[in-house]
Amino acid sequence: MAKVDANISFVIFYCVAPVLILLLTARYIFGLTLKKLESKIFEHLLSWISRRYLEKDKQLLFEPLADLKQRSRGPFSILEIGLGCGENFKFYPKGTHFSCVEPSPHHDSVWKKRLENYRHIKLVDCFHTYAESMPDVKSDSYDVVVSTLTLCTVRDPPSVLKEIHRVLKPGGSFFTMEHVAGSKGSVIRAVQDLVTMYTPYSYVTGGCKMNRETWAYLDQSGFQSVQYRQYSINTWMLFFLRPFLYGTAVKKGIEEKIKSK
Ligand SMILES: C[S@@+](CC[C@H](N)C(=O)[O-])C[C@H]1O[C@@H](n2cnc3c(N)ncnc32)[C@H](O)[C@@H]1O
């Protein structure tokens with residue numbers, strides 16, 4: 001019996017354990033490398049899209065921020081949801097108190113490094129959570145909430161918009177720029193439907209639905225005023241991502257609340 005036990009121990013110690021350790025180490029290293037690679041591709045692709053196709057319209061979208069900052073009573077606070085690698089820092093006015101909601105910690109080092117180039121922005125909080133439920137983010141506390149290229153990815157847009165509405169101060173504004181679904185019956189829409197439903201596109205892009213009718217969610221979001229412009233970005237290569245939307249939604253202010261009572 002003692003001999004059998006010794007043989008089993010030998011097999012476990014010299015064969016099973018080393019193979020297990022090797023497998024776990026390989027998985028860890030390979031997993032890390034894959035994550036790093038994914039993160040690098042994501043960083044460069046988003047930067048390129050932002051610079052090449054969105055820059056001018058982002059300037060128009062974010063132009064009112066300076067004015068809103070002037071009118072803000074305390075420090076001017078912005079919460080960005082789905083921060084990614086931080087493509088929007090350059091549009092935020094001097095003295096902005098900045099917070100973000102980003103479920104993935106893998107981009108932290110990239111956006112923190114980029115933020116060092118914008119000394120005029122003060123980092124206040126970063127919440128690693130999904131925007132569908134942000135229990136740690138206080139209600140009525142931000143002048144502005146921003147989302148770019150994120151409403152296409154979130155799992156539940158109505159819940160996200162409800163949370164954005166909750167955390168905005170009364171009278172605060174939500175700024176958004178998203179790629180959206182093409183019009184029903186168009187070739188672009190047919191391609192978007194096919195690619196979203198029948199290819200791994202959504203899986204490899206972290207859940208992006210290129211056929212999402214985001215404007216419908218904005219229309220039903222319960223903000224006091226919703227204004228957006230639908231347009232097409234100028235690209236033949238990414239033709240299925242041409243339909244875009246940018247705009248703002250404003251939460252009812254205290255004055256309006258009192259008036260309506
Ligand atoms: C396509 S990237 C856009 C990044 C950045 N906003 C930009 O314009 O480059 C979408 C980002 O949303 C984040 N995200 C995905 N699901 C989310 C959710 N439910 N709540 C908040 N952010 C989410 C992803 O981690 C990713 O960083």
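**View 1. The residues around the ligand in this predicted model.** The ligand is surrounded by 21 residues, and the closest of these are Gly82, Gly84, Tyr130, Ala131 and Thr148. When the residues of this shell are sorted by class, 9 are nonpolar, 8 are polar and 4 are charged.

**View 2. Ser39 and its contacts.** Ser39 belongs to helix H1, which covers residues 2–62, and its distance in space from Gly84, taken from C-alpha to C-alpha, is 9.6 Å, although 45 residues separate the two in sequence. If residues up to four places away in sequence are not counted, Ser39 touches His106 and His107. Ser39 counts as partly exposed because it has 17 C-beta neighbours inside 10 Å, a number that falls between the limits of 12 or fewer for an exposed residue and 20 or more for a buried one.

**View 3. The largest nonpolar core.** This core holds 43 residues, of which Leu79 and Val145 touch the most other members. At least two residues of the core come from each of H1, strand S1 (77–81), strand S2 (97–101), strand S4 (142–148), helix H4 (157–167), strand S5 (168–179) and strand S7 (243–250). Once its neighbours within four places in sequence are left aside, Val145 is in contact with Leu79, Ile81, Ile164, Val167, Leu168 and Phe174.

**View 4. The pairing of strands S2 and S3.** Strand S2 and strand S3 (residues 122–127) run parallel and are joined by 5 bridges, and Val101 has Phe127 in S3 as its bridge partner. Between the two strands the chain passes from S2 through helix H3 (residues 108–115) to S3, in a β-α-β crossover that is right-handed.

Definitions and conventions: Residues are numbered from 1 along each chain as its sequence is written. This is a predicted model: local features need pLDDT of at least 70, side-chain atom pairs count only at pLDDT 80 or more; totals for chains, interfaces and linings use all residues. Helices (H or I, at least four residues) and strands (E, at least two) are DSSP runs, numbered from the N terminus. Two residues are in contact if their C-beta atoms, placed from the backbone, lie within 7 Å. A nonpolar core is a set of buried Ala, Val, Leu, Ile, Met, Phe, Trp, Tyr and Cys residues joined through C-beta atoms within 7 Å. A residue is near a molecule or strand if its C-beta atom, placed from the backbone, lies within 6 Å of it. Ala, Val, Leu, Ile, Met, Phe, Trp, Tyr, Cys and Pro count as nonpolar, Asp, Glu, Lys and Arg as charged, and the others, Gly among them, as polar. Two strands pair if DSSP finds at least two bridges between them. A crossover is right-handed if, with the strands pointing away from the viewer, the path from the first strand over the helix to the second runs clockwise.
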